[in-house]
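Subject: Structure for you to look at

Hello,

I am passing on a structure that you have not worked with before. Please open it first; my notes on what was found follow below.

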Amino acid sequence: MFHEKLKALNEQFKEVERKLSDSSVMNNQEEYRELTKQHAYLMPLAEKYKEYSKLLSDIEGAEELKKSDDDEIREMAQAEYNELLDLKEKTDAEIKVLLLPPDPNDDKNIIVEIRAGTGGDEAALFVGDLFRMYTRFAERNGWKFEVIDSNPTGLGGYKEVIFEVNGNKVWRYMKFERGAHRVQRVPETEASGRVHTSAVTVAVLPEAEEVDVEIKMDDLRIDTYRASGAGGQHVNKTDSAIRITHLPTGLVVACQDERSQIKNRAKAFKVLRAKLYEQKIVEQEKQLSNERKQQVGTGDRSEKIRTYNFPQNRITDHRIGYSVYNITEVMDGDLTELVNKLIEADTEAKLN
């Protein structure tokens, strides 16, 4: 079954390689980009086809040797045949994963929004903690990040913070952070030592290209206003802050972190495009969930996905029922174990 499918994909891979070497295709940016995505998906399958063909040939050879009149050769052939069947079972499992259609957003950069929910000042402080956790995780992976907009509080937290992360496979490793994060700990301001429960919401948006989302200027209302908050002499001197309202959907985005109105406008458009793209993705995910088992997480910001229990040094991801007991390291950006478990669970859900 797998061999015929791999053979067809190997032929497709050759055709994609042929097209990529065509100068007319190289001059068509959109077609070239689509072909390079196909090439990246098909290349490991083409390599696996060669490996699998040899494996099937070896199994066939061992089967023939099992018919030998020589007892010693038959015994050796049987041992080799059993080993090859074990290897085939393992290879079949690898091929099933490789055949999964790739997430078209895996290579995209992202925009992250973290907002305080229930819990007042403690929730705002936890927004700051998660912001630090994600930016440390980005640094560990060699990704770059930049703040788009923020609304800091007086105690060192944030009512909200929006930032972009650029790097290799950012969406793949960050997409499961979407949802409500709950924290249980004793606030520094709590004299009695009572544990408080607070919550923040995290949205992770794949950065959209102009070809992904078309924005009509007639659908927008763009307002300028004076920036507020930290900013030295610049604050309240010029109308550099930008607010864009997308009239058909009611989406509103604002940016005031840059001194330049032009830069704020560009960042606000980037966030708006990502939000409109997210709406398209959510619709697609709803359609897919009707056709197959629900995958890890829905992307719904109200869905409680994780609890950070500081007194017990425990972080529990409720979607997969998995806990780690190294809260200090995780809050310092060591998210690798949790992220890998989520990717594994999502892959299993897609295979079933």
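A residue is called buried here when its relative accessible area is under 20%, exposed when that area is over 50%, and partly exposed in between. Please keep in mind that this is a predicted model.

Helix α4

By that cut-off, the buried residues of α4 are Ala77, Tyr81, Leu84, Thr91, Asp92 and Ile95. The elements that cover them include α1 (2–20) and α3. The helix has 28 residues, which at 1.5 Å a residue should span 40 Å, and its end C-alpha atoms are indeed 40 Å apart.

Thr91 is a residue of α4 that can be looked at by itself. Its relative accessibility is 2%, so Thr91 counts as buried. Leaving aside residues up to four places away in sequence, Thr91 touches Lys48, Glu51, Tyr52 and Leu55.

The nonpolar cores

As background, nonpolar side chains in soluble globular proteins tend to be buried together. In this model the largest nonpolar core has 36 residues, and Ile114, Leu130, Tyr134, Met174 and Tyr308 have the most contacts inside it. At least two residues of this core come from each of β1 (110–116), α5 (120–140), β3 (158–166), α6 (170–174), β5 (196–206), α8 (327–331) and α9 (336–351). The element that gives the most is α5, with 9 residues.

Leu130 shows how parts of the chain come together: apart from residues up to four places away in sequence, Leu130 touches Ile114, His181, Val200, Val202, Tyr308 and Met331. There is also a second, separate core of 22 residues, with Leu205, Val271, Leu272 and Ala274 among them.

Helix α9

The buried residues of α9 are Leu338, Val339, Leu342, Ile343, Asp346, Thr347 and Ala349. The elements covering them include α4, α5, α6, β9, β10 and β11 (322–324). With 16 residues at 1.5 Å each, α9 should span 22 Å; the distance between its end C-alpha atoms is 23 Å, which agrees.

The largest pocket

The volume of the largest pocket is about 1100 Å³. Its lining consists of 32 residues, and those nearest the centre are Pro102, Asp103, Asp106, Asp107 and Lys169. Two or more lining residues come from each of α3 (29–65), α4 (71–98) and α9. The largest share is that of α3, with 8 residues. Sorted by class, the lining has 16 charged, 12 nonpolar and 4 polar residues.

Two backbone points

Lys169, named above for the pocket, is not a glycine but has a positive phi of about 60°. Lys169 sits in the loop between β3 and α6. Its relative accessibility is 29%, so Lys169 counts as partly exposed.

Asn313 is likewise not a glycine and has a positive phi, of about 55°. Asn313 is found in the loop between β9 (304–309) and β10 (314–317). At 31% relative accessibility, Asn313 counts as partly exposed.

Where to begin

If you want a place to start, try Leu130 and the residues it touches, Tyr308 and Met331 among them. After that, you could turn to Lys169 at the pocket, one of the residues nearest its centre.

Regards

Notes:
Residues are numbered from 1 along each chain as its sequence is written. This is a predicted model: local features need pLDDT of at least 70, side-chain atom pairs count only at pLDDT 80 or more; totals for chains, interfaces and linings use all residues. Side-chain values use heavy atoms; hydrogens and water are left out. A nonpolar core is a set of buried Ala, Val, Leu, Ile, Met, Phe, Trp, Tyr and Cys residues joined through side-chain atoms within 4.5 Å. Buried means under 20% relative accessible area, exposed over 50%, partly exposed in between (1.4 Å probe, protein chains only). Helices (H or I, at least four residues) and strands (E, at least two) are DSSP runs, numbered from the N terminus. Contact means heavy atoms within 4.5 Å. On a 1 Å grid over the protein atoms alone, a cavity is a set of points where a 1.4 Å probe fits but cannot get out, and a pocket is an open set with protein on both sides within 12 Å along at least five of seven lines; lining residues have an atom within 4 Å of a point. Grid points are joined across faces, edges and corners, and a volume is the space filled by probe spheres set on the points. Ala, Val, Leu, Ile, Met, Phe, Trp, Tyr, Cys and Pro count as nonpolar, Asp, Glu, Lys and Arg as charged, and the others, Gly among them, as polar. The expected span of a helix is 1.5 Å times one less than its number of residues.
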